[in-house]
Amino acid sequence: MNWTLEVVVVPVSDVDRAKAFYVDQLGFNLDHDTAAGDLGRVVQLTPPGSGCSIVIGRGIVPDMPPGSLKGLQLVVNDLERAHAELVGRGVPVSEIQVLGESPRPTRHPLDNVGFVFFSDPDGNSWAVQQISTRA
């Protein structure tokens with residue numbers, strides 16, 4: 001039996017502002033934006049190529065303080081290209097950082113150890129890691 005993580009709730013203060021950030025600046029796909037009458041609103045967004053989505057909203061998603069989610073991580077196979085894309089989309093992103101040493105030889109010096117970091121408008125923090133091949 002597979003156990004797949006497919007949705008993570010990201011707490012935000014302004015659903016429209018967060019939706020614009022994730023779609024327009026990060027390039028996430030908008031899966032749906034559903035209003036549930038007086039109950040609230042759910043917006044589901046998926047990073048390109050990912051099997052896991054994020055959900056933002058109000059009313060019918062768990063109540064967490066905006067900006068309280070830390071350490072979300074995306075994985076790419078070309079960190080330099082991802083960094084340039086984020087910069088080009090106006091995302092305030094860190095410079096590429098190398099954290100530690102890879103536990104095994106890799107094809108690229110950034111594999112497993114190359115990261116960039118950014119936060120959404122509410123302060124939820126994200127890392128982007130390079131993994132171009134898996135063992």
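This dialogue explains how to read the sheets, helices, a pocket and one loop residue of a predicted model.

Visitor: What holds the strands of a sheet together?

Guide: The strands of a sheet pair through backbone hydrogen bonds, in either a parallel or an antiparallel sense. One sheet in this model is open and has four strands in the order β1-β4-β3-β2, with mixed pairing. At its edges stand β1 (7-9) and β2 (29-35), each of which pairs on one side only. From one strand to the next, the twist averages 20°.

Visitor: How many bridges join β2 to β3?

Guide: Six bridges join β2 to strand β3 (residues 41-46), and the two run antiparallel. One may also look for residues that face each other across strands: His32 stands opposite Gln44 in β3.

Visitor: Which strands does helix α1 lie across?

Guide: Helix α1 (residues 15-25) lies across β2, β3 and β4, and runs at about 10° to β3.

Visitor: What is the order of the strands in the open sheet that contains β5?

Guide: The order is β5-β8-β7-β6, again with mixed pairing. Here β5 (72-76) and β6 are the edge strands; each has a single partner strand, so one side of each is left without a neighbour in the sheet. Within this sheet, β7 and strand β8 (residues 125-130) pair in the antiparallel sense over five bridges, and Phe118 stands opposite Trp126 in β8. Helix α2 (residues 79-88) lies across β5, β7 and β8, running at about 20° to β7.

Visitor: How is the largest pocket to be described, and which residues are closest to its centre?

Guide: One may consider its volume, then its lining. The largest pocket holds about 700 Å³ of space. Its lining comprises 28 residues, of which Pro47, Pro48, Leu74, Val75 and Val76 are the closest to the centre. The elements that contribute two or more residues are β4 (53-58), β5, α2 and β8. The largest share, five residues, comes from β5. By character, the lining divides into 17 nonpolar, seven polar and four charged residues.

Visitor: Is Asn112 buried or exposed?

Guide: A residue counts as buried when its relative accessible area is under 20%. Asn112 has 16% relative accessibility, and therefore counts as buried. Asn112 belongs to the loop between β6 (97-98) and β7 (114-119).

Visitor: Which residues is Asn112 in contact with, leaving aside its neighbours within four places in sequence?

Guide: With those neighbours set aside, the contacts of Asn112 are Ser102, Pro103, Arg104, Thr106, Gln129, Gln130 and Ile131.

Technical notes
Residues are numbered from 1 along each chain as its sequence is written. This is a predicted model: local features need pLDDT of at least 70, side-chain atom pairs count only at pLDDT 80 or more; totals for chains, interfaces and linings use all residues. Side-chain values use heavy atoms; hydrogens and water are left out. Buried means under 20% relative accessible area, exposed over 50%, partly exposed in between (1.4 Å probe, protein chains only). Contact means heavy atoms within 4.5 Å. Two strands pair if DSSP finds at least two bridges between them. Axes are lines fitted to C-alpha atoms, for helices over the stretch in contact, and angles run from 0 to 180 degrees between N-to-C directions. On a 1 Å grid over the protein atoms alone, a cavity is a set of points where a 1.4 Å probe fits but cannot get out, and a pocket is an open set with protein on both sides within 12 Å along at least five of seven lines; lining residues have an atom within 4 Å of a point. Grid points are joined across faces, edges and corners, and a volume is the space filled by probe spheres set on the points. Ala, Val, Leu, Ile, Met, Phe, Trp, Tyr, Cys and Pro count as nonpolar, Asp, Glu, Lys and Arg as charged, and the others, Gly among them, as polar.
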